[in-house]
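Colleague: I am new to this structure and would like a close look at a single part of it, namely the sheet. Could you take me through that part slowly, in one connected account?

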Amino acid sequence: LQKVSRADLPTGEIEVGMQFQARTEDGGIVLVTIVHVEGEDVTLDANHPLAGRDLTFAIELMDIVQ
């Protein structure tokens with residue numbers, strides 16, 4: 001999570017749940033989601049949407065190699 005100034009975001013309406021692409025310091029692109037807006041402060045979340053959730057996988061074991 002990172003708190004940024006409203007002025008650092010594109011102009012227009014800003015709402016919780018909106019997503020933007022941001023560029024990292026090394027030139028990569030990351031998807032960020034607005035999770036909180038308070039005055040001129042906007043909190044962004046760059047975590048994967050499944051981060052922190054319990055995941056259950058159904059698998060079929062096909063072979064065991066020794």
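Modeller: What follows is a walk through the sheet, strand by strand, with a brief look at what lies beyond it. Please keep in mind that this is a predicted model.

The sheet is an open one, built from four strands in the order S1-S4-S3-S2, and the pairing is antiparallel. Strand S1 (2-5) and strand S2 (19-23) stand at the edges with a single partner strand each, so each of them has one side that is left without a neighbour in the sheet. If direction is ignored, neighbouring strands of this sheet are turned against each other by 45 degrees on average. As general background, the strands of a sheet pair through backbone hydrogen bonds, in either a parallel or an antiparallel way.

Beginning at the S1 edge, we find that S1 pairs with S4 over four bridges in the antiparallel sense, and that Ser-5 has Asp-41 in S4 as its bridge partner. S4 also pairs with S3, again in the antiparallel sense, over five bridges, and here His-36 stands opposite Thr-43 in S4. The hairpin of S3 and S4 has two residues between the strands, and in this hairpin Gly-39 takes a positive phi near 65 degrees.

Thr-43, which is found in strand S4, deserves a closer look. Its relative accessibility is 14%, and it therefore counts as buried, the cut-off for that word being under 20% relative accessible area. Leaving aside its neighbours within four places in sequence, Thr-43 is in contact with several residues, including Leu-1, Gln-2 and Lys-3, as well as Thr-33, Ile-34, Val-35 and His-36.

At the other edge, five bridges join S2 to strand S3 (residues 29-38), and the two run antiparallel. The hairpin of S2 and S3 has five residues between the strands, and Gly-27 takes a positive phi near 95 degrees there. Gln-21 has its place in strand S2 and has Leu-31 in S3 as its bridge partner. With a relative accessible area of 65%, Gln-21 is exposed, and, leaving aside its neighbours within four places in sequence, it is in contact with Ile-29 and Val-30.

Finally, Ile-59 lies in the segment after strand S4 (41-45) and, at 77% relative accessibility, counts as exposed. Together with Leu-50, Leu-55 and Phe-57, Ile-59 makes a nonpolar surface patch of about 480 Å². The C-alpha atoms of Gln-21 and Ile-59 are separated by 34 Å, and the two residues are 38 residues apart along the chain.

Conventions. Residues numbered from 1 in each chain as written. Predicted model: local features only at pLDDT ≥ 70, side-chain atom pairs only at ≥ 80, totals over all residues. Heavy atoms only, no water. Patch = residues over 30% accessible without salt bridge, like charges linked within 9 Å, V, L, I, M, F, W, Y side chains within 5 Å. Areas by Shrake-Rupley, 256 points an atom, 1.4 Å probe, with all protein chains shown as cover. Salt bridge = Lys/Arg side-chain N within 4 Å of Asp/Glu carboxyl O. Buried < 20%, exposed > 50% of the residue type's maximum accessible area, 1.4 Å probe, protein only. Pairing = 2+ DSSP bridges. Axes fitted to C-alpha atoms, helices over the stretch in contact; angles between N-to-C directions. Contact = heavy atoms within 4.5 Å.
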